[in-house]
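Thank you all for making time this morning. I would like to talk through some internal spaces and then some helix packing, so please have the model open as I go.

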Amino acid sequence: MKKISLLIACLWAPLALAAERGEISQLAAADVPRVCDESIARIKTAAHDIEALPLNQASPATVLQPWSASIGTLGEFWWGGDLLANVHPDEKVRQAYEACGLKISAVMNDVMQSAALYQRFKAVKPADAIDAETLKGVLNEFEDKGVSLPPQGRKEAARLFARLDKLQQDFARNVRENKQKLAFSASDLEGVPAETLANFKRDDKGNYLVGFDYPEYLPVMEHAEREEVRRQLYVAYQKRGGRQNIAILQEVSELRKRLATMMGYPSYAAWATRTNMVGKPEVVLDFLAKVKDQVAKVEKQELQELTAEKATHTGDSKAKLERWDLSFYESRLKHSHFQLDQEAVRAQFPTDATINWMMAVTSRLYGVEFRPNPQLPVWHADVKGYDVFDKASGEYVSSFYLDLFPRDGKYKHAAAFSVRQVSTLAGTTPTSSLVTNFSRKGFDEEELETLFHEFGHIMHGVLSKTRYTLNAGTNTKRDFVEAPSQMYEEWSRHPDALKLWNEVCPSCKPIDMVLIGKMNEARQFGQGTKYARQWLYAAYDMALAGPRPQQPLKLWQQMEGATALGYVKGTEFPGAFGHIVGGYAAGYYGYMWSEVLALDMRSAFAGNFMNTDVGMRFRKTILENGSQVPEMDLVRRFLGREPNSEAFFKEITGQRKLVEGTK
C-alpha cells in the first residue's frame, strides 16, 4: 500500500528527491528555495524530454503519461506549498512558499508557451475517450497561456501572467495577515453569550478584543444589542482587505482585459467561460437574470419581516433596516418565530462528536473507512491526519488532514486544499487538507452545513480514481466543482443521517429531533436575502470581467447601491473578495450553476438519504471520475436522465414556509 507519510514528513518535497537526500524532517524556511529549485529542474527536464521526441512517436504512453507523472510530482511540492503558505504558523515559512510559488508559476507559464511541447501533444492520437478528454484539457491550457501568439506576444503574456500571480498572492496575504481587533467594553457587547466572551482576548483596560475570524465576528454580529457596535464591526470587516487591495483588484482587472484582447476575445469573461460548462458569458447573464427574477419576491418579503422585527425590538415604528442588522434580526426572528437558538444547536453538536458522526455518515454512504493516523507529521498541534480505506477490499485509498480552528496568519475562510492527486497509471494516491475556522466548542447550523460542504470537496479529491493526475478530483470545470460538495450539505441536517448520531456517540446528548425540525424550518427563512446576495456577487464579477473597463469600488458602490439595503458608506467589500482575484474570476456564478446540478443529483437519494446503493453509484460515477469524462455526461449517467433546474428554483422560492404561517 502506498502511503504518504514520507511525502508529508518532507512537507511535499518531491518523493524521489526526498528519498535520495534523506530529507525526512519538515522543511525550514531556509530549505524551501533549494527544494523549490530542484522541483523546477525536474519539470524542465520532463518538458525537454517530450520536446525532443520525434513527432511520429508522440502517443499517450510517450507524452500524456510522463507529463501527468511529472505534473503530479511537481504538484506534491507546489500544491502542498500553497497550503503551507496559507496555514503554516511560521510567517517565514509562509513567505518562503509564496516566493517559491511565484517561481514555479513563472516556469510553468514558460513551459506552457513552448511550441515544440504543444506540437507533441497535438500529435498524440488518443487511445480512447479518456485520453481524448485529457488531451483536450491540456491543449486548452497551452492556449490559455498564449502558445499560439507570436514570439513577442508570448513574452508579453508571460509578463502579464507573472504579474497576476504576484498580485493574487499580495491580495490574499493582505486579508490573511490582517490582525486588526476592535476594542469593546462589556456593556458594548451586551447580548453576546458569556461563554463566547470568555474566549475573547482583552486589552489592558479590560476591553474585549474582537477580530475578523468567524468565531469572534459572527457572535457579535448575531447577538450584540447595540446597533453602533454592529455597525462599527461590520464596516471594519468590510474594509479588512484595505485600500491596497482595491488598487490590486483594479490592476488585476486591467491585466485580464489585456490578456483577453491579446487572445482575441472581447472580454475576460468571454475568454474565461469558453472552456466552462456555460461556454459563453451570455449564458451566465441569462441564468443570473432568471435567479434575480425568481428570488426578488422572497427577498422583499424577508426584508419586510426583518424590518418589522427591528421596529418591534427598538420600539421605533419607523426603524430602518441596515446591512449590519441582518444577522442580528435574522437570529432574533428565528428564535422568536421558530424557537431556534443557535447556542442550543452548538450544544447539540460538540466538535469532536460531530466530526466523528460526519465521518460515520460518509463512511456508510460511500463504503469507506477513516482511520486516524497520528504518525502523519503535521504543521500545527491542532491538525489531525487520517487514512482512507475501502471497506469492501480493505485497501488503502488516500489520506487527508483536518485543520479546523483559527489562528493568526492562517487562511480566514473554509477551503479544501488538494496536496497530492491520484493517477492509476502512476500508482499515486491522493491527499487533501480541509482548512476552516470553526469554534472549538461546537457547530451552529451554518457551520455544520459548511463542514459537510467542505468535506464533500475532500471526498471528491481523495476518492478520485482517474487515469491521469490532470483530471483528478476537483480538477473539473469551475462551474461544476462545487456540485458534489453542495449536494452533501443536506446530510448535515437530514433525519436519515442523524439516526447514526447515538450509534457514534452513545455518551452524547441524544439528537433532539424537535430542534432539528426547527433548524430545517428556520433554514428556509433567509433564502431570499442569501440568493439575492449571491446574485449580486456573481453579477458584479461578470461586470468587472466584461468588455467595458470598470473601477472596482465605484462599480460595487453602484451595484450594491441599487439593491434594497443599498451601499454602506465607507465599506470596501471588493478589497476582500478573494474569489474573483483567485480562481473564480468570471466564475463566481458557478456556485449557483453548480447548485442546480447538486440539488438535482440530491433528488436521487429521495426516500432514503442513507441508501448505500445510490451512495456507491455517486462515488463510482461522480467522485471517482474527476473530469476524465465530461462533467455533464457524468451527471446524466448518475441521474439516468437529463438534469434540470426544478429543484434549484424550488430551493430558493417554493420550499420556504412563510413566517406568518408558522406562528
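Let me begin with the lining of the largest cavity, whose residues divide into 6 nonpolar, 1 polar and 2 charged; here Ala, Val, Leu, Ile, Met, Phe, Trp, Tyr, Cys and Pro count as nonpolar, Asp, Glu, Lys and Arg as charged, and the others, Gly among them, as polar. Before going further, I should say that this is a predicted model, in which local features need pLDDT of at least 70 and side-chain atom pairs count only at pLDDT 80 or more, while totals for chains, interfaces and linings use all residues. Residues are numbered from 1 along each chain as its sequence is written, and side-chain values use heavy atoms, with hydrogens and water left out.

On a 1 Å grid over the protein atoms alone, a cavity is a set of points where a 1.4 Å probe fits but cannot get out, whereas a pocket is an open set with protein on both sides within 12 Å along at least five of seven lines, and lining residues have an atom within 4 Å of a point. The largest cavity has a volume of about 80 Å³, a volume being the space filled by probe spheres set on the points, which are joined across faces, edges and corners. Its lining consists of Ser253, Arg256, Tyr268, Asp541, Leu544, Ala545, Ile580, Ala585 and Ala586, and the elements giving two or more residues to that lining are helix H12 (243-262) and helix H23 (527-544); helices are DSSP runs of H or I, at least four residues, numbered from the N terminus.

Turning to the pockets, the second largest has a volume of about 630 Å³, and of the 31 residues that line it, the closest to its centre are Asn199, Asp213, Pro215, Glu216 and Pro406. That lining divides into 8 nonpolar, 8 polar and 15 charged residues, with H10 giving the most, at 7 residues.

What, then, is the angle at which H6 and H7 pack? Helix H6 (residues 115-123) and helix H7 (residues 129-144) pack at about 155 degrees, with their axes 10 Å apart, where axes are lines fitted to C-alpha atoms over the stretch in contact and angles run from 0 to 180 degrees between N-to-C directions. H6 and H7 are therefore roughly antiparallel, a term for angles over 145 degrees. Their contact, meaning heavy atoms within 4.5 Å, involves Leu117, Tyr118, Phe121 and Lys122 of H6 and Leu135, Val138, Leu139, Phe142 and Glu143 of H7.

Note on methods. Angles under 35 degrees count as roughly parallel, over 145 as roughly antiparallel, 65 to 115 as roughly perpendicular and the rest as oblique.
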